[in-house]
Structures are given as C-alpha cells and as structure tokens.
Amino acid sequence: MKVKDLMVTNLITVDARKSLEYALNLMHEHGIRRLPVLEGNMLLGIIVQHDIEIALRRPEVIPETPVEWVMTKSPLVTAPDAELADAVELLVAHKISALPVMESGKLVGILSEIDVLKLLADLLRKLEEPN
C-alpha cells in the first residue's frame with residue numbers, strides 16, 4: 001500500500017505570518033490538530049495544537065504571535081508513492097503525529113496517525129469477519 005492510498009488531499013493550511021490564535025481557531029473550525037505551514041506554495045513547517053497550547057502558557061507568547069515562531073521547521077516529509085509501512089515507521093521512530101506529503105516540491109497531502117489508526121481498525125474488523 002502506498003501513502004497516496006491513505007493520505008488526505010483536502011488540505012487546510014496556514015500562512016507562516018498568521019497568528020497562533022488564527023491557527024488554533026482554524027484547527028477547531030475544521031476539527032483537526034495540525035496544520036502545514038506555508039509561505040506562498042512553499043512548505044516551511046508544521047504546527048500542532050498541543051504546541052500552540054504549550055506556547056501560549058509562556059509569558060512572552062501572546063495569541064497574536066506568528067505561527068512561524070512556534071512551528072516545527074523543516075518537518076520530515078514523505079512522498080505519495082512511498083510505501084505506507086515506511087511512512088508509518090517514520091511516524092513511530094520520530095514520535096510525530098503527521099507527515100506532509102510532497103511531490104515535485106509541492107505539498108499534495110498529509111498522512112496522520114489518525115489515518116493510520118482508521119486503516120488499522122478496518123483491517124482488524126476484516127480479520128474478525130467469519131470466512
């Protein structure tokens with residue numbers, strides 16, 4: 001199975017100069033916990049809800065702080081044609097919750113731990129079905 005078989009392609013992204021408050025509201029609005037961070041069409045990083053919440057507890061960080069100050073810069077990425085097992089191993093080895101999917105320098109999708117867990121649940125159900 002390939003990454004492209006499971007990745008989400010309907011992407012919600014955030015500009016690096018938008019505020020943490022804007023990013024958090026975008027996450028809540030769409031029911032997601034992470035956003036690829038772009039400058040134009042270029043992937044700069046990824047920001048996770050938990051990182052925003054932790055950052056906002058620090059006295060020097062305010063809701064208007066730009067996303068780029070808190071995001072994970074140069075995140076690990078995968079490709080649509082990569083083996084899904086290899087991508088999952090990257091998630092596990094680096095203890096990360098998602099991988100942006102890049103093709104020819106362009107962000108084309110995202111693979112999250114939730115996508116992988118949904119697949120696992122489907123596979124387990126199929127194993128439990130009587131023959």
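**Entry 1. Terms and model**

I take partly exposed to mean a relative accessible area between the buried limit, under 20%, and the exposed limit, over 50%. By that rule I enter Asp-81 as partly exposed, because its relative accessible area is 44%. I note that the model I am reading is predicted.

**Entry 2. The salt bridge of Asp-81**

I looked up the partner of Asp-81 and found Lys-4; their side chains form a salt bridge with an N to O distance of 2.8 Å. Asp-81 belongs to the loop between E4 and H3, whereas Lys-4 belongs to the segment before E1, so this pair ties together parts 77 residues apart in sequence. Lys-4 is likewise recorded as partly exposed, at 44% relative accessible area.

**Entry 3. Asp-5 and Thr-78**

I then turned to Asp-5, which is in the segment before strand E1 (14-15). Its relative accessible area is 47%, so I count Asp-5 as partly exposed. A polar atom of the Asp-5 side chain lies 2.9 Å from the backbone nitrogen of Lys-2. I also checked Asp-5 against Glu-29: the two are 24 residues apart in sequence, and their C-alpha atoms are 26 Å apart in space.

Is Thr-78 buried or exposed? I find Thr-78 buried, because its relative accessible area is 9%, and the limit for buried is under 20%. Thr-78 sits in the loop between strand E4 (72-73) and helix H3 (84-94). Neighbours within four places in sequence set aside, its contacts are Val-3, Ala-87, Leu-99, Pro-100, Val-101 and Met-102.

**Entry 4. Nonpolar cores**

In soluble globular proteins, nonpolar side chains tend to be buried together. I therefore looked for nonpolar cores in this model, and the largest has 17 residues. Those that touch the most other members are Val-14, Leu-20, Leu-35, Val-37, Ile-47, Ile-52 and Val-67. Two or more residues each come from helix H1 (20-30), strand E2 (34-39), strand E3 (42-48) and helix H2 (49-55). H1 supplies the largest share, five residues.

I followed Leu-35 further. Residues up to four places away in sequence not counted, Leu-35 touches Ile-12, Thr-13, Val-14, Ala-23, Leu-26, Met-27, Gly-45, Ile-46 and Ile-47. Another core, of 11 residues, lies apart from the largest one; Leu-84, Ala-87, Leu-99 and Val-101 are among its members. I note that Ala-87, Leu-99 and Val-101 are also listed among the contacts of Thr-78.

**Entry 5. Glu-113 and its arginine partners**

Which residues form salt bridges with Glu-113? I found Arg-33, with the closest N and O atoms 3.1 Å apart, and Arg-34, at 3.8 Å, N to O. Glu-113 is in helix H4 and Arg-34 is in strand E2, so their bridge ties together parts 79 residues apart in sequence. Arg-34 counts as buried, at 9% relative accessibility. Arg-33 is partly exposed at 37%, and Glu-113 is partly exposed at 29%. The Arg-33 pair also links distant parts of the chain: Arg-33 is in the loop between H1 and E2, 80 residues from Glu-113.

My count of salt bridges is eight. Asp-15, Arg-17 and Glu-39 are joined into one network by salt bridges that share partners.

**Entry 6. A nonpolar patch on the surface**

Lastly, I recorded a nonpolar surface patch formed by Ile-114, Leu-117, Leu-120, Leu-124 and Leu-127. Together these residues have about 470 Å² of accessible area. Ile-114 is in helix H4 (residues 113-128), and I list Ile-114 as partly exposed, at 34% relative accessibility.

Terms used. Residues are numbered from 1 along each chain as its sequence is written. This is a predicted model: local features need pLDDT of at least 70, side-chain atom pairs count only at pLDDT 80 or more; totals for chains, interfaces and linings use all residues. Side-chain values use heavy atoms; hydrogens and water are left out. Helices (H or I, at least four residues) and strands (E, at least two) are DSSP runs, numbered from the N terminus. Buried means under 20% relative accessible area, exposed over 50%, partly exposed in between (1.4 Å probe, protein chains only). A polar contact is a pair of N or O atoms within 3.5 Å; within protein, one must be able to donate a hydrogen and the other to accept it, and residues adjacent in sequence count only if both atoms are side-chain atoms. Contact means heavy atoms within 4.5 Å. Patches are made of residues with over 30% relative accessible area and no salt bridge: like charges are joined within 9 Å, nonpolar side chains (Val, Leu, Ile, Met, Phe, Trp, Tyr) within 5 Å. Accessible areas come from the Shrake-Rupley method with a 1.4 Å probe; for residues, only the protein chains shown count as cover. A salt bridge is a side-chain nitrogen of Lys or Arg within 4 Å of a carboxyl oxygen of Asp or Glu. A nonpolar core is a set of buried Ala, Val, Leu, Ile, Met, Phe, Trp, Tyr and Cys residues joined through side-chain atoms within 4.5 Å.
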